[in-house]
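Today I am opening my notebook to look up a few things in this structure. Come along and check each entry against the picture.

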Amino acid sequence: MVTEHRIDIRGCQVAYQRGGKGEPLLLLHGMDGRASWESVLSRLTEHHDVILPDHPGFGASGSGEWIDGMADLALFYLDVLDALQIESCHLSGHCLGGWLAAEIAVMQPQRFKSLSLCAAAGIRVDGCPMGDAFLWNPDDTIGQLIVDPQARETMRAKQSSERDIELMLKARQMSARLAWHPRFHNPHLRKWLHRLTMPTMIQWGENDRLFPVAYAHGYHAMIPNAQLHLYRDCGHFPMLDATDRYLEHLDAFTAKASA
Amino acid sequence: MKFYSFHLMPYGALDLDYVEKHISASLVLPNSYYDPQIGHQLYNRYLDELELADELGFDGVCVNEHHQSAYGLMPTPAVMAGALSRSVKRGKICILGRALPLLSNPLSVAEEYAMLDNITGGRFIAGFVRGIGVEYHATGVNPTYSLERFHEAHDLIIRAWTEEGPFPFEGKHYSYNYVNLWPRPFQQPHPDVWIPSGGSLETIRWASDPKRKYVYLNVYSNVDVACGLMDTYRNCAEAYGYTASSDQLGMALPIYVAETDAIARREAKPHIEAFFNKFLRMTNEMLLPPGYTSVSSLKTLLITSRETLMANHSLEAVDKLGMFLVGSPETVRQRLAEFEQRLGIGHLCAIMQFGSLPHAQTKRNLELFAEEVMPHFRAKVTAGSCP
């Protein structure tokens, strides 16, 4: 059973969902906010004590107007873990949240039992441009990033009400604040990926048009002992386009890392 | 009222069929559409048109800054202002304006504006803008910091103009150990500052602050909206405890005058429609990148007027909305008198060449406007005159 919580971290309200059986798993959402996790959250909680926050500037969390970049946000999350008294946990992130997870894990690698990066931002692969998500309109974005027709409809339905539009615009604004330039990456992160010595897994859709599959290979080459899973007929959201394969790999990976 | 000839210097030879292949004349339109041979002719022709405006008695000439666009070919407007600074003998030279947040070294604007002010002996007007949304895509500058960077760069420039250097400047986005401007501006304490803007309440309140009393120049709003924004400025001034003068308010819009209404409308039609529908064409995502406007105003825009940015504007529609003044000298005089009365403005920046409008028509437009319209509006500066 997942419940809604709020915690004040240095003047910024952080809204988060928490629930499930197993070891704590901090799950960091991507540029769209929590929306893409709604349909798989209950299945994730079967084997994990999932903590899924809205990042500052997203969803129901405070604006975090003093957070000026990914380094600020990564340090902020170390404060969040301290406040929640989580000494050790699994760390998982998608898209923007994957970049965030890599930054946090580089800072305190000993704190994390495992790291899983799904369609993660954070690096640039020269000669292989990312998609320009900030030029796509909401409908294009869904078409570009999701392969499965049913998943497309599910996500479209989350963009209809006035409240949905407001959340979408907030998400876009904070994503831009964190990732407009340098676009969706930290040029210095790659210098420190060797610190990620915990069990690491990279999950990626072969049809990801935001961060093409070369980015998965880029991470795979730079993180020691990382395992890589690529999904066919899958775009930027493996948890939507390849739900079963995504969950199967994640469950097996964290179980092995905990053993 | 004072009159200025405002040139956007578009790539007037643009193949308008580009719309079949490309979504906009900015950012994504391949520069293979630009022919340098034609560009050479256009730049010189446009400078001639501004020089003619000066000879015809306009109070000033205006240029501005745009990037990676067929809509305006002045990524560095000071090149044009520099060329004009020796040939424009009477009128003022206005840059409307430099896009401060796009710069990594805004002190360069303080320097180039001070140079122009010195060369012209104080016939310079300093415009500051944030740049349009698409330019944040073009330059990579983060639009969510646009406002912070604008204010910080502005403060730096004014301090560089008015305080003895060297002094250090300690900002979040810009910092300098030495700010020590050579040359200092010719006008004291500094050149007049104009703020061209669509017009948010925050911008207008900031511009009308008695510390600044900057000229607010409305660009491309329809006349009803513009009237509301001028009232906002006057109300802000009243709240600050003073009455705003018409000299603090201006409007920029395209104008076309010909011998009769029918001739004017017939001649202007393809060019003004190209201007609004082809040269200015942009998607919401290009025009309004995240953070450039607040979430609440963006939401209102998306919900209420999803289509308007890409709307097809006809001459009849933009004429009716007051986004374009067109007709015989008599008609334009009447419309302008109505504008002056309703808006209470003291400055009119007339865009006498728009889109693909050719030289002969631009020239006659300038001449008719200067000879048959401008003299009827001379020497009227009124305080708080809007009904």
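**Entry 1: a pair in one helix**

I looked up B:Lys269 and B:Glu273 and found both in helix H8 (residues 261–279) of chain B, four residues apart, or about one turn of the helix. Helices here are DSSP runs of H or I with at least four residues, strands are runs of E with at least two, and both are numbered from the N terminus. The two side chains form a salt bridge, with the closest N and O atoms 2.7 Å apart. I noted the cut-off: a side-chain nitrogen of Lys or Arg must be within 4 Å of a carboxyl oxygen of Asp or Glu. In general, side chains of opposite charge can pair when their charged atoms come close.

Are the two partners buried or partly exposed? I found B:Lys269 partly exposed, with a relative accessible area of 30%, while B:Glu273 is buried at 18%. Buried stands for under 20% relative accessible area, exposed for over 50%, and partly exposed for what is in between, using a 1.4 Å probe and protein chains only.

Next I saw that salt bridges with shared partners join A:Asp68, A:Arg177, B:Glu148 and B:Lys172 into one network.

**Entry 2: ground rules**

I reminded myself that this is a predicted model, where local features need pLDDT of at least 70 and side-chain atom pairs count only at pLDDT 80 or more, while totals for chains, interfaces and linings use all residues. Residues are numbered from 1 along each chain as its sequence is written, chains are lettered from A and ligands numbered from 1 in the order in which they are written, and side-chain values use heavy atoms, with hydrogens and water left out.

**Entry 3: further salt bridges**

How many salt bridges does a search of the whole structure find? I got 35 over all chains.

One of them brings together the side chains of A:Lys113 and A:Glu23, at 3.0 Å from N to O. This pair links distant parts of the chain, 90 residues apart: A:Lys113 sits in strand S6 of chain A, and A:Glu23 in the loop between S2 and S3 of chain A. I checked the accessibility too: A:Lys113 is partly exposed at 28%, and A:Glu23 counts as partly exposed at 25%.

In chain B, I also looked up B:Asp209 and B:Arg212, whose side chains meet in a salt bridge of 4.0 Å, N to O. B:Asp209 counts as buried, at 10% relative accessibility.

**Entry 4: the sheet in chain A**

Here I traced an open sheet of eight strands in chain A, with the order S1-S2-S4-S3-S5-S6-S7-S8 and mixed pairing. Strand S1 (3–9) and strand S8 (226–231) of chain A stand at the edges with a single partner strand each, so one side of each has no neighbour in the sheet. Neighbouring strands are turned by 20° against each other on average, direction ignored. For such angles, axes are lines fitted to C-alpha atoms (for helices, over the stretch in contact), and the angles run from 0 to 180 degrees between N-to-C directions.

Strands of a sheet pair through backbone hydrogen bonds, either parallel or antiparallel. Two strands count as paired if DSSP finds at least two bridges between them. S1(A) and strand S2 (residues 12–19) of chain A pair in the antiparallel sense over seven bridges. Along this pair I found A:Ile7 opposite A:Val14 in S2(A), and A:Asp8 opposite A:Gln13.

Helix H2 (residues 70–83) of chain A packs on the sheet, and the strands that it touches include S1 and S2 of chain A. Contact here means heavy atoms within 4.5 Å. The direction of H2 makes about 115° with that of S1(A).

The hairpin of S1(A) and S2(A) has two residues between the strands, and in it A:Arg10 takes a positive phi near 45°. S2(A) also pairs with S4(A), in the antiparallel sense over four bridges, and there A:Tyr16 stands opposite A:Pro53. Six of the eight residues of S2(A) are buried, so this strand is largely enclosed by the rest of the structure.

**Entry 5: backbone details**

Where did I find cis peptide bonds? One runs from A:His181 to A:Pro182, with omega near -10°, and another joins B:Gly165 and B:Pro166, with omega about 0°.

My last lookup was A:Ala119, where phi is near 45°, a positive value in a residue other than glycine. A:Ala119 counts as buried, at 0% relative accessibility.
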